[in-house]
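Here are some short exercises to work through with the structure in view. Try each task before you read its solution.

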Amino acid sequence: MRLVPWCVATLWFASALHAQPGQNPPTAQIELRSTSAGVVVSPCAAIPWEIAIQVGADSFGLAGYAANLVQSATNPVPIVLAPAPSVPSLLSGFSRPAGVSNTGPGGTGSGYGGTPIANQSFPGAIDLVQIGGMQNTFGSPAGNVGTDTSVEQQIGQGAQPQVVASGEFFAPSTAGSYCMDLQATAVNVLTSTGPIAGIWRVRQASVSLVQGSFCFTVRCLADVDDGSGTGVPDGGVTIDDLLYYNVIFADGDARADVDDGTSTGTCDGGVTIDDLLYFLDRFASGC
Ligand SMILES: [Ca+2]
Ligand SMILES: [Ca+2]
């Protein structure tokens, strides 16, 4: 399925329109970050992610960007990613209707947070494509899109990279190493005001992907203790784990939520007999 590339097509159009041959392109850095990077997490743990951009001093700041958040095809099981739920306040002029971005799922609202698309090489996996949007640098709105024609300068040129999008997903309950990648990154920056009042020259930046992925490890679902009774996993599945689960299940502890009745290890936020049955099944199978 091809997405209608309103955002990106406009980015390319703006680049071509205002390209300045013979000059080195302005620079930008983009990175994908997560506080779960390199961490061993529990099944169903919330995994936060964010995209940050640093724009070089050789321009007047961020004009627009787009990036895909894609899960590695080597992940043990697929993950369904949901769009970033909100737009950072500083970037409000990049999301429709104020800015120019894809429409949201179903053709309404803003797709700034990314459009969920099935990963063709990983059945069941849903990635996010074309996260982002752009300011209206054309000086006039296009119907109900780009209604904010006041261009904000110096976005992305602070002391720290500017967080442009953030979201989270839940770790699968299948043990193993999982990675997320940032792909198809494009960044446009403001280079100068044009000869026509209100119109900015924009150019595609030379983008450095300083951190293009992060990985985390999901521990074995049935490994919940090390014999100390404190809920510290030790990498092995023994009777200690069953004894500890017995306690947290009886308490209705959120850590005992390991299934939703489908026997797929999908958490549902509640602790019922389904969780106990699924835990016992996984315990019996050694993980
Ligand atoms: Ca254990
Ligand atoms: Ca449950």
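**Exercise 1.** Find what share of the protein chain is buried.

*Solution.* Start with the cut-offs: a residue is buried if 20 or more other C-beta atoms, placed from the backbone, lie within 10 Å of its own, exposed if 12 or fewer, and partly exposed in between. By that count, buried residues make up 40% of the 287 residues.

Some ground rules help here. This is a predicted model, where local features need pLDDT of at least 70, side-chain atom pairs count only at pLDDT 80 or more, and totals for chains, interfaces and linings use all residues. Residues are numbered from 1 along each chain as its sequence is written, while chains are lettered from A and ligands numbered from 1 in the order in which they are written.

**Exercise 2.** Check the length of helix α3, residues 273–284.

*Solution.* Helices are DSSP runs of H or I with at least four residues, numbered from the N terminus. The expected span is 1.5 Å times one less than the number of residues. For the 12 residues of α3 that gives 16 Å, and the end C-alpha atoms are 16 Å apart, so the two agree.

**Exercise 3.** Which residues of α3 are buried, and where do they lie?

*Solution.* First, list them: D275, Y278, F279, R282 and F283. Next, look down the helix axis: these residues fall within an arc of 135 degrees (taken from the directions from the axis to the C-beta atoms), so they line one face of α3. On the other side, I273 and A284 are exposed. Finally, just after α3, G286 takes a positive phi of about 95 degrees.

Key. Helix = DSSP H or I, 4+ residues; strand = E, 2+ residues; numbered from the N terminus.
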